[in-house]
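Here's a quick tour of the model shown below, starting with the whole chain and then moving to a few local spots. Keep the viewer open as you read.

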Amino acid sequence: MRAAVFPRPGVCAVVERELPALREGEILMRVEACGVCGTDLHIYEGEFPAQFPVIPGHEFAGVVEETGPGVEHVRPGERVAINPNIPCGVCRPCERALVHLCRQLRTIGVTMDGGFATHCVAPFRQAHKLPDSMPCEVAAFSEPVACCLHGIEQADPQPGDVVAIIGAGLIGLLMVQLVLLRGACVVVVSEPSPQKRELALSFGAALAVDPQEEDLGGAISRATGDSGADVVIECVGSEATAQQAVSLAREGGRVLFFGVAPEQARVAVSPYEVYRKEIAIMGSFTNPFTQGRALALLESGRVKVENLITHRLPLTEVPRALELLATHQTIRTLIEPQT
Ligand SMILES: [Zn+2]
Ligand SMILES: [Zn+2]
């Protein structure tokens, strides 16, 4: 097999390796498409707790080539998407059904070898079979869509709500679609890239503003005649946008921190305002029990991703894919290891 490996932070090498031997319950997949996520960039930059050396890539789909002993439900030749997050099943959060908050969480592409490779091994329980009509490159979105679905369930937008979305990269553009499916009546987006603003509008956002030119709060007033949003979804992960997110919530508002902020980032919150306006501030981590529904949304066409693919690159171009992401020149790059 061939793989793009990070031996340590800041280094990416394409290497030839022996195919791994399958253990109990494992499947060997031929990877057809793997999304390049901000987490891969954070791992490369040494800002995410990964286990080096690692083959990154946790958003992928492909064809089962071989199954190990004790594998049920999945057979060679079937196409699957992988849920990369593997809980231990016995720690306190796991015991409380908070499997995504597992204290011994292992993640394919982060703490175990992932999908930037021609082949990848995964436990069969992590595999979701694909509908016949779904291309692998669409199925490779099921992991980020699943993460967004969990975020939506946390923020719980209601029919008729005004929703503000800060940042319209891949995640923001998925969130626009999902909050509209939840019945949000006005979605206002803040995003510096004209191309991404255009896409946000095409998905049904009422307004998409350039933060360098128009304040999002002002845009919400312009769109609704009232100040503030019922739900604010922060999809950037900076201190400034997190601060802005809290300030945009109106009475009874809910603020979701979805963008991955640096660990040391801090924002100022007025406890009085949180109390007086009953503002809820919440987080969302990964994809507990949402990937099957993400696949259903993709299959039905109610969440659309084809327009979000800006680059398709072979394994040798993983460094370029990371560079494109770091310089905001891409919405979604797919690594296609068989090319
Ligand atoms: Zn990801
Ligand atoms: Zn656990």
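## The whole chain

The chain's secondary structure adds up to 11 helices and 17 strands (DSSP runs numbered from the N terminus, with H or I of at least four residues for helices and E of at least two for strands). The radius of gyration is 20 Å, close to the 20 Å that the globule rule gives for 339 residues, so the chain is as compact as a globular protein of that length. Here the radius is taken over C-alpha atoms, and the rule is 2.2 Å times the number of residues to the power 0.38. Along the principal axes, the C-alpha atoms fill a box of roughly 60 × 40 × 40 Å.

This is a predicted model, where local features need pLDDT of at least 70, side-chain atom pairs count only at pLDDT 80 or more, and totals for chains, interfaces and linings use all residues. Residues are numbered from 1 along each chain as its sequence is written, while chains are lettered from A and ligands numbered from 1 in the order in which they are written.

## Burial and contacts

Of the 339 residues, 45% count as buried. The cut-offs work on C-beta atoms placed from the backbone: 20 or more others within 10 Å means buried, 12 or fewer means exposed, and in between means partly exposed.

Looking at contacts in the chain with a separation of 6 or more, 68% come from residues 24 or more positions apart. A contact here means that the C-beta atoms of two residues, placed from the backbone, lie within 7 Å.

## Helix 4 against helix 10

How do helix 4 and helix 10 pack, and at what angle? Helix 4 (residues 142-155) meets helix 10 (residues 291-300) at about 110 degrees, with the axes 8 Å apart. That makes the two helices roughly perpendicular (65 to 115 degrees; under 35 is roughly parallel, over 145 roughly antiparallel, and the rest oblique). Axes are lines fitted to C-alpha atoms, for helices over the stretch in contact, with angles from 0 to 180 degrees between N-to-C directions.

The crossing is right-handed, meaning that the near helix is turned clockwise from the far one by less than a right angle (anticlockwise would be left-handed). Helix 4 brings Ser142, Glu143, Val145, Ala146 and Leu149 to the contact, and helix 10 brings Gln291, Arg293, Ala294, Leu295, Leu297 and Leu298. By type, the contact residues split into seven nonpolar, two polar and two charged (nonpolar: Ala, Val, Leu, Ile, Met, Phe, Trp, Tyr, Cys and Pro; charged: Asp, Glu, Lys and Arg; polar: the others, Gly among them).

## Backbone oddities

Most residues other than glycine have a negative phi, and most peptide bonds are trans. The bond from Phe52 to Pro53 is cis, with omega near -5 degrees, and Pro53 sits in the loop between helix 1 (38-44) and strand 4.

Ala97 has a positive phi, near 70 degrees. Its place is the loop between helix 2 (92-95) and strand 7 (106-107), and Ala97 is exposed, with 10 other C-beta atoms within 10 Å. His328 has a positive phi too, near 55 degrees; His328 lies in the loop between helix 11 and strand 17 (332-335) and is exposed, with 11 such neighbours within 10 Å.

## Gly77 and Glu323

Gly77 is in the loop between strand 4 (60-67) and strand 5 (79-82). Beyond its neighbours within four places in sequence, Gly77 is in contact with Val63 and Val64. Gly77 is exposed, with 8 other C-beta atoms within 10 Å.

Glu323 belongs to helix 11 (residues 318-326) and counts as partly exposed, with 13 C-beta neighbours inside 10 Å.
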